[in-house]
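Here is a friendly walk through one protein model, taking in its strands, a pair of helices and a single residue. Have the viewer open and follow along.

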Amino acid sequence: MEDKETPEDEILNIELDDLDEDDEAGIPPVGPPGGDDDTLVIEVEDLDEEPQPPPGAGYPPVAPAGAYPAVQPGDGYDLYAKAKKSPVAALVGNLMLQMFIAGLIGGALSGLINELWYNRADATMGTYTVVMLFTAVAGGLIGAALGAAEGLLTGVYGKMAKEAGLGLLIGAGGGLVAGFVAQFAFALIAPDLSRLTVRLILGRTIGWALAGMGIGLAQGARYLNFNRILNGLIGGAVGGFVGGLLFDPISIVTGGGAVSRIIGLSVIGAVIGAAIGLLEEVRKEAWFTIVEGPLTGKEFILYKQSTSIGSAGYCDIPLLKDPNVAPEHAQIQQSGNAFVLVSLVGAEAVLVNGQPTARHSLNSGDLVHIGSTPFFYQDRAVQ
């Protein structure tokens with residue numbers, strides 16, 4: 001069929017000048033006389049506005065649909081009971097024991113390094129300088145060992161190195177300052193060092209409690225979290241107090257000297273670590289427990305307003321060995337006293353109690369599957 005050419009005089013042509021002409025140009029007013037309410041009125045603002053998409057339209061999901069397979073429910077709450085019976089899971093999930101071992105290792109290392117210079121210290125250095133260096137080495141290495149524990153356990157070695165470095169710097173700084181204060185208190189309480197007295201033991205105990213606060217401060221300051229800072233300060237003080245109380249009895253049993261100091265610092269480090277771990281365990285309010293897989297029994301305490309879960313090493317809850325987990329798979333967002341689980345990769349990639357969900361307000365006892373990893377959520381509100 002041939003196209004018919006439209007005569008030029010039949011084309012409707014409206015120019016801007018036409019829109020500006022008034023009634024005198026012979027254009028009748030729009031609408032019937034009398035101003036009927038059904039009159040269509042078009043204003044300039046209507047011409048400028050573009051239709052807005054509905055909320056969420058035009059924004060792609062964090063991961064394309066189907067990029068991560070839907071997870072499957074496991075054995076329900078039996079997983080949690082099974083995890084609690086496993087001796088390996090008990091070790092992995094026992095924060096107090098983990099911190100005890102880390103503190104023991106850090107204390108032993110600090111004792112060995114301090115012995116390299118302690119007996120060779122120049123007398124001109126002065127007592128305060130020697131004590132401050134001694135506690136700085138102890139604080140730095142105990143802090144580094146405690147900081148490295150979680151990264152080592154979860155296999156996130158980059159995080160392990162970072163946390164160990166921060167623990168070393170903050171712990172050494174805290175130990176340096178605490179050493180000065182501790183020596184000052186020790187000199188006031190026990191000026192006579194020639195014989196073992198109650199005042200001497202009390203002075204050393206208070207001195208190490210103050211030093212322990214400096215060491216414990218490193219554990220909370222690394223996270224910039226008030227609760228963790230408080231746990232570190234109190235746990236460090238308690239651990240230093242107990243360790244300082246045992247220092248002189250250990251010295252008597254071991255005969256004094258280098259062995260005594262190394263054992264003493266090992267005990268102080270172990271007790272500081274255990275006290276901090278115990279305090280965090282007692283004061284925790286909400287937490288996830290992995291109930292199946294390589295990290296069975298591992299607990300992740302929820303301290304932050306937003307806790308990330310994913311296969312990336314920088315996530316707060318890293319799942320490195322799960323191929324079905326996105327780099328940033330989900331978030332746990334705190335809303336008042338409640339925690340909300342939000343999927344970043346679609347509803348099918350997160351299950352709560354066997355049901356797919358994109359957003360779920362968590363209740364104590366919820367079983368959550370992310371990738372191939374099941375978690376058990378608990379909080380103090382129901383405990």
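S308 stands opposite Q331 of strand β5. Before going further, please keep in mind that this is a predicted model. The strands around that pair make a good starting point: β3 (residues 306–310) and β5 (residues 330–335) run antiparallel and are joined by four bridges. On β5 there is also a link to β6 (residues 338–343), again antiparallel, with six bridges. Within that pairing, A330 has S343 of β6 as its bridge partner.

What lies between β5 and β6? The two strands form a hairpin with two residues between them. In this hairpin, G336 adopts a positive phi near 65°.

Next comes an open sheet. Six strands make it up, in the order β2-β1-β11-β10-β7-β8, and their pairing is antiparallel. Its edge strands are β2 (299–301) and β8 (355–356), each of which pairs on one side only. At the β2 end, β1 (residues 286–290) pairs with β2 in the antiparallel sense over three bridges. If you want a residue to click on there, F288 has F300 in β2 as its bridge partner. As general background, strands of a sheet pair through backbone hydrogen bonds, either parallel or antiparallel.

The strand pairs with a stated bridge count can be set side by side:

| Strand pair | Sense | Bridges |
|---|---|---|
| β1 and β2 | antiparallel | three bridges |
| β3 and β5 | antiparallel | four bridges |
| β5 and β6 | antiparallel | six bridges |

Now to the helices. Two packed helices are described by the angle between their axes and the distance between the axes. For α5 (residues 95–115) and α10 (residues 257–283), the axes come within 6 Å and cross at roughly 155°. Because angles over 145 degrees count as roughly antiparallel, that crossing makes α5 roughly antiparallel to α10. The crossing of these two helices is right-handed. As for the chemistry of the contact between α5 and α10, its residues divide into 14 nonpolar, nine polar and four charged.

One residue in another helix rounds off the tour: T135, which sits in α6 (residues 127–154). Is T135 buried or exposed? Its relative accessibility is 5%, so T135 counts as buried, the cut-off for buried being under 20%. Which residues does T135 touch, leaving aside its neighbours within four places in sequence? With those set aside, T135 is in contact with G175, L176, G179, W208 and A211.

Conventions:
Residues numbered from 1 in each chain as written. Predicted model: local features only at pLDDT ≥ 70, side-chain atom pairs only at ≥ 80, totals over all residues. Heavy atoms only, no water. Axes fitted to C-alpha atoms, helices over the stretch in contact; angles between N-to-C directions. Parallel < 35°, antiparallel > 145°, perpendicular 65-115°, else oblique. Left-handed = near helix turned anticlockwise from the far one by under 90°. Nonpolar A, V, L, I, M, F, W, Y, C, P; charged D, E, K, R; others polar. Buried < 20%, exposed > 50% of the residue type's maximum accessible area, 1.4 Å probe, protein only. Contact = heavy atoms within 4.5 Å. Pairing = 2+ DSSP bridges.
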